[in-house]
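Dear colleague,

Please find below the structure I am handing over to you. I would be grateful if you could read the notes after it alongside the coordinates.

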Amino acid sequence: MSRTVVIIGAGVGGLTAALRLARFGFRVIVLEARAGAGGLASGVERDGFAFDAGPYVLLDRPGLEWAFRAAGLNLDELVKLLRIDDVYEVSSPDGVAVRFFSDVRATAAGMERAWPGSGPRYERFVALTAAIYRRLSPLQHVSRPGVLDLLRTGAWRHVPFLLRSLRSVLASSGLPPPVQDALAIWTHVAGQKVEEAPSPLAFVPALIHTAGAYSPEGGVRAVPAALASSAARAGVEFRFDTKVRAVRCRAGRVEGVATDDSFLPADAVVANAAGLGTYLELLDTTPPKARERLSRLPVQSPGVCAYLAVRGATRPPYLRFRLPGGGELCRLLIRPGVLHPRLERDGWRPARLLAPLRHEWAERVGADGQREYLDRVLAEDWWREGVTEHRVLATRVPAEWGREYHLYRDSMNPVMTARFMRAGRLAHRSPYARGLYLAGSATHPGQWVSFCAVSGVLAADRLREDFA
């Protein structure tokens with residue numbers, strides 16, 4: 001009789017783990033608190049327009065391809081990925097704008113016009129970080145890279161790089177401060193301090209100029225949709241509208257999960273719920289010292305979001321970032337109509353306006369303060385450039401994200417600081433309960449959809465090793 005694995009959460013990591021485990025011959029049951037699969041990578045429909053709920057761009061196509069292959073799938077056959085040529089722009093209050101294209105020469109040329117000498121310097125920076133990425137990328141497919149992995153891949157040469165912060169890496173590039181700020185924009189999205197952010201965030205421009213930035217046809221939500229349908233065909237059982245309340249253990253080993261109205265026995269459990277939430281809310285055997293340490297980890301807020309319908313000129317780039325100054329985090333306007341003209345309805349096009357928040361601030365001001373902040377962002381003029389009319393179709397603040405997506409403390413995951421990354425993140429194989437495994441962004445560097453998919457593969461592989 002095959003062993004039963006219960007997976008908590010039908011996010012990208014849980015879906016990938018489910019597929020791989022089903023192909024290994026396990027009986028797999030996915031429990032999802034919401035009515036459908038996808039988690040934060042699922043979709044939202046408002047007034048006839050379809051939006052991505054969370055992620056909005058794919059910056060690691062090779063990682064997602066690897067995860068799909070490991071799950072027995074071909075990414076190109078299931079998801080049509082459209083390459084974004086005019087990727088993003090970062091503008092500051094003083095009118096300085098830095099633009100990033102898929103073509104490194106076009107990007108460097110724009111920098112050269114504004115800051116003579118910076119174009120060649122940027123191309124050298126990209127070439128250097130691309131070379132380091134190629135050397136380190138095999139470690140993305142290892143659950144807990146060790147000394148032997150560093151020696152085998154030659155990645156030991158880049159240990160000094162891994163020990164640096166993103167600020168240190170950018171400062172050593174010699175690029176103008178506005179360019180450094182534009183390269184560090186992804187730390188704003190995560191509510192990070194650039195001094196604490198890990199050096200691998202410097203790989204983002206190298207990935208944009210080599211692997212490319214993509215938007216799936218149908219939105220990022222097409223990725224979990226493809227995984228969920230493939231998992232169902234592979235025999236994975238889905239039980240939606242089923243919230244897990246506890247992971248039960250006996251003598252230090254998982255024996256199943258408790259839901260609102262029943263107990264489901266299992267030989268193993270894979271938690272694609274929040275990693276911190278798993279240990280601090282679902283598992284009562286987490287040691288006190290571990291609880292204390294985990295509870296102190298900084299976490300990332302989902303920020304505030306407005307789903308819009310707009311009329312007017314829809315011009316590239318795909319992503320428009322705005323640095324408001326005054327110590328505030330960035331704002332971001334996502335314009336899928338730039339790449340997907342078929343999204344237009346009677347002259348209206350969908351757009352999303354996001355503003356990241358630092359979690360501690362969002363938690364302190366509560367839902368009312370979060371809504372006031374979103375109203376202030378909506379009242380700003382910068383995002384209305386070229387927009388003749390707009391309608392606000394829906395909004396979300398962290399309190400609403402947390403309630404709808406069952407988030408731990410209204411957060412998405414631990415902030416990927418350099419210290420957290422070097423410590424090894426949260427292990428795919430739990431050190432606190434035998435038979436418990438974790439998948440999702442808390443277990444793998446970065447917050448991109450591809451890393452969640454890779455984490456599902458690695459969690460499944462650890463489980464299979466233990467049951468071999």
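The notes that follow cover two groups of strands, one glycine and the nonpolar cores.

Please bear in mind throughout that this is a predicted model.

I begin with the sheet made by E10, E11 and E12. These three strands form an open sheet, arranged in the order E10-E11-E12, with antiparallel pairing. Strand E10 (244–250) and strand E12 (263–265) are the edge strands; each has a single partner strand, so one side of each is left without a neighbour in the sheet. From one strand to the next, the twist averages 30°. Strand E11, comprising residues 253–259, is joined to E12 by three bridges, and the two run antiparallel. Within this part of the sheet, Gly256 lies opposite Pro265 of E12.

The next group centres on strand E14. This strand spans residues 304–312 and is mostly covered, with seven of its nine residues buried. E14 is joined to strand E17 (residues 349–355) by seven bridges in an antiparallel arrangement, and Leu308 stands opposite Ala351 in E17. E14 also pairs with strand E18 (residues 387–396), again in the antiparallel sense, over eight bridges. Here Ala306 has Thr395 of E18 as its bridge partner.

Gly303 deserves a separate note. This residue is found in the loop between helix H14 (288–295) and E14. Its relative accessibility is 0%, and because the cut-off for buried residues is under 20%, Gly303 counts as buried. Leaving aside residues up to four places away in sequence, Gly303 touches Ala355, Pro356, Leu357, Arg396, Val397, Pro398 and Trp401. Gly303 and Gln370 are separated by 67 residues in sequence, while their C-alpha atoms are 8.5 Å apart in space.

Finally, I turn to the nonpolar cores. The largest contains 66 residues, and those with the most contacts inside it are Tyr88, Tyr122, Trp186, Leu319 and Phe321. Helix H5 (residues 118–136) supplies the largest share of this core, namely seven residues. A second, separate core has 48 residues, including Val12, Phe68, Leu227 and Val270.

As for Trp186, which residues does it touch, not counting those up to four places away in sequence? The contacts of Trp186 are Tyr56, Leu59, Tyr88, Gln192, Leu201, Val204, Leu319, Phe321 and Trp448.

With kind regards

Technical notes. Residues numbered from 1 in each chain as written. Predicted model: local features only at pLDDT ≥ 70, side-chain atom pairs only at ≥ 80, totals over all residues. Heavy atoms only, no water. Pairing = 2+ DSSP bridges. Helix = DSSP H or I, 4+ residues; strand = E, 2+ residues; numbered from the N terminus. Axes fitted to C-alpha atoms, helices over the stretch in contact; angles between N-to-C directions. Buried < 20%, exposed > 50% of the residue type's maximum accessible area, 1.4 Å probe, protein only. Contact = heavy atoms within 4.5 Å. Core = buried A, V, L, I, M, F, W, Y, C linked by side-chain atoms within 4.5 Å.
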